[in-house]
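This report looks at one chain and at its contact with a partner chain. Please have the structure open while reading.

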Amino acid sequence: MTATVTRPAPPRKPRPARRGISRETRELWVLMLPAMVPVLLFSVGPLLYGIGLAFTDARNTRVHETEFVGLENFTRLLGDEDFWASFQIGAIWSVSVTVLQFLAALGLALLLNEKLRFSGLARVLSVVPWAMPPVVIGLMWKLVYHPDAGVLNGLLGTDINWLADFSLALPAIIVVGIWAGMPQTTVVLLAGLQNVPKELYEAGAMDGAGTWRRFWNITLPQLRPVIVAITSLDFVWNINQFGLVYVLTQGGPGGRTRLPMLFAYEEAFRYRMAGYASMLGLAMAIVVLAVLGLYLWRQMREAK
Amino acid sequence: MRIKSALAAAAILTLTAACGGGGGESPSSSGGPVKIDFLSLAWQKDSVAANKQLVEEWNKANPNIQVTYVQGSWDNVNDQLVTQFAGGTAPDVIHNDSPALSGFASDGYLLDLKDRLPAELKNDIPQAAWDTTTFDDGKGGQGVYGVPFLQESQVIIANKKLLDESGVRVPTPDDPWTWDEFSAAAKKMTTQRVVPGSGDGEDAMGQGYGVAWPMKSPVNKTLNLALNFGGTFFQTSGGKTTVKVGPEEREVLQRIHDQLHKDKSADPAALGQGTADPLPAFYQGKFALLPAGVYLRQQVVEQAPDGFEWVTLPAPKGTSAQQGAVSQTLSIAQESEHPEEAMKFIAFFLNGANQAKLAKGDWLLPTSKTAAADPAMTTKENGWDVATASAKNLVVAPFLKVNGFDEWKSKVATPVLQEYFANKITLDEAAKRLVEDGNEVLERYQR
């Protein structure tokens, strides 16, 4: 198919440009087509399908006639206490993971940026968690938190079932979330740090600025674009987190770690309410877009 | 957006399933053997071996109907089936349990076996067991949506030494403990005693308890035992099912709660654990009695340290000794292309002799009357006699027929019961939430 599409068009009389799309634009589209097809087929298509489902009462059953119900799913969502509870958990999770992850990663990046011994080795080691799929990370931490055989209880000498305790489960998974997401944040921040011109520090030192002052007035402003980018990406990644938490707690105990995406998954695949689950997904997408839009808009305005 | 990934995952599942079963869809008229996929959820080592051996036996005897063993897992079987049914790639023969069948049956995914069952199979399994797989067919009639073959009952696994030392009466299947006796016995066994390994790996005096209630998944256990006092938790009138938590339902809840927080005869550490998790502490003698499903005996046999003596006791009785029965089942997918052959395979797989093998492998109770009479099922060894005797107390758990039970269980009942047993809310609050939040959930399924 690609071959036929990319074949040069038969020679035609050159048309005046004002009559429509220029030849360059047309060729651009033709060249983009092979890349566009998978995107349309596997991303945009299902996305539109999902959005469409959100306005129906679709159920994953064989005997149900799907009907268009307009905004019924949405109104139900607004009045659904379980959703709001889940949304709140999702907000606590994504904000705390993103912020703490950022602080920890910044510290680590500053450390790795110094000329210490074995810093090369340390840099490699710090990226290790990145190489693990979330499911493996989940299984590993499950062993750490295991009530009887877990490393953590062994170290602390306690007898706590971390992942089954109503008040400790969420903090426990937040720790895992921070650990799992730190490498990419660290690497990006480290790259940003290495791009800060040395002259600025020299000038700062000449003017008598202390370490703290240099960090606050040179490093941070210089890193700003990197920070904005990585924090927004982290936030989106965290609010959409699924695999890690599914493996660790499956949303338990008693729904205390039921992130919005787990909630949507349960609706779709356990209770078979496909329409409602699609609306949940759509709502979360809108929330993410809104938060990000606001944040990016502010940053852009300040940059001007 | 996660839904998008879920759809993509579904598509991939569909693709892989289609590739895996691709060769099997050739119609029998083309001359090749009919191929049937059999999704099995066996997980204990002996049980997997028994399943595979039976499939092999069948494949040898029936060259024209070849069965492929597909391994599934109880953890995610229902999620998997929802996806596969929606994608039209479900296996032909499906292993599941009766609580899950009602939903799939009313969604039209399972074949009604009512008129397909061979007489021999039908007569070998008592009506009480068939009742666990009989549901509304959505057209005003009743259909049978699975063949029940293994049932679980609750027993008490006891540390023999501690039981003997306490001097309490040892219950028998004909004369089980009443709940009062059970609580009194648990109290008596709550003593300061030497618990090996309790003090930094050394033997030391420690608090010993009478009983342990691992309540990570409290719902089925509690609901099945609640029938002791006639607690059904659901009532249906005028075609509408609602939750009820009256005096009958409260009995067992209150008694377990008392053991935990009033008598303090139940080990608090076990409360948040899954059923098998407290076993190491059980072997150490930290507590004496462990109420559990009959299948847990297998793990005790395999893992208990040498010289550890244990016995199986019947579950306590209230106004009756009745327990709710849940069965493991084999069903046929509505969209299976070879339902006849699938039925033949099931009839072979679940005949008396084979059920006895499966039951032994899974340490559960067979539904087949022939299998239950098998000497292996009535031997004193490993408590089989007590376990098999408990089968007579099994009645259909009322919640099996409730559409939306699964959602009630995970969204309402599990958190409420966990909080109640952890003493975070009172019984009245628990009852209120079970009923009010529960009815809201059930509402969705009755439109």
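How many residues of chain B are in contact with chain A? In this predicted model, 33 residues of chain B touch 40 residues of chain A. About 3300 Å² is buried between chain B and chain A. Carbon and sulfur atoms give 55% of that area.

Polar pairing comes next. Four salt bridges link chain B and chain A. In one salt bridge, B:Lys411 pairs with A:Glu267, with the closest N and O atoms 2.8 Å apart. Eight residue pairs are in polar contact across the interface, both residues being at pLDDT 80 or more.

Five elements of chain B are named as giving two or more residues to the side that touches chain A: α1 (2-22), α3 (77-87), α4 (98-106), α18 (405-421) and α19 (427-445). The largest share, seven residues, comes from α18(B). The table sorts that side of chain B by class.

| Class, chain B side | Residues |
|---|---|
| Nonpolar | ten residues |
| Polar | ten residues |
| Charged | 13 residues |

Now chain B as a whole. Its secondary structure comes to 19 helices and 17 strands. The radius of gyration of chain B is 23 Å, and the globule rule gives 22 Å for 447 residues, so chain B is as compact as a globular protein of that length. Along the principal axes, the C-alpha atoms of chain B fill a box of roughly 75 × 50 × 45 Å. Of the 447 residues in chain B, 54% are buried. Among contacts in chain B with a separation of 6 or more, 71% join residues 24 or more positions apart.

Note on methods
Residues are numbered from 1 along each chain as its sequence is written. Chains are lettered from A and ligands numbered from 1 in the order in which they are written. This is a predicted model: local features need pLDDT of at least 70, side-chain atom pairs count only at pLDDT 80 or more; totals for chains, interfaces and linings use all residues. Side-chain values use heavy atoms; hydrogens and water are left out. Contact means heavy atoms within 4.5 Å. Buried area is the accessible area (1.4 Å probe) that two parts lose on being put together, summed over both. A salt bridge is a side-chain nitrogen of Lys or Arg within 4 Å of a carboxyl oxygen of Asp or Glu. A polar contact is a pair of N or O atoms within 3.5 Å; within protein, one must be able to donate a hydrogen and the other to accept it, and residues adjacent in sequence count only if both atoms are side-chain atoms. Helices (H or I, at least four residues) and strands (E, at least two) are DSSP runs, numbered from the N terminus. Ala, Val, Leu, Ile, Met, Phe, Trp, Tyr, Cys and Pro count as nonpolar, Asp, Glu, Lys and Arg as charged, and the others, Gly among them, as polar. The radius of gyration is taken over C-alpha atoms; the globule rule is 2.2 Å times the number of residues to the power 0.38. Buried means under 20% relative accessible area, exposed over 50%, partly exposed in between (1.4 Å probe, protein chains only).
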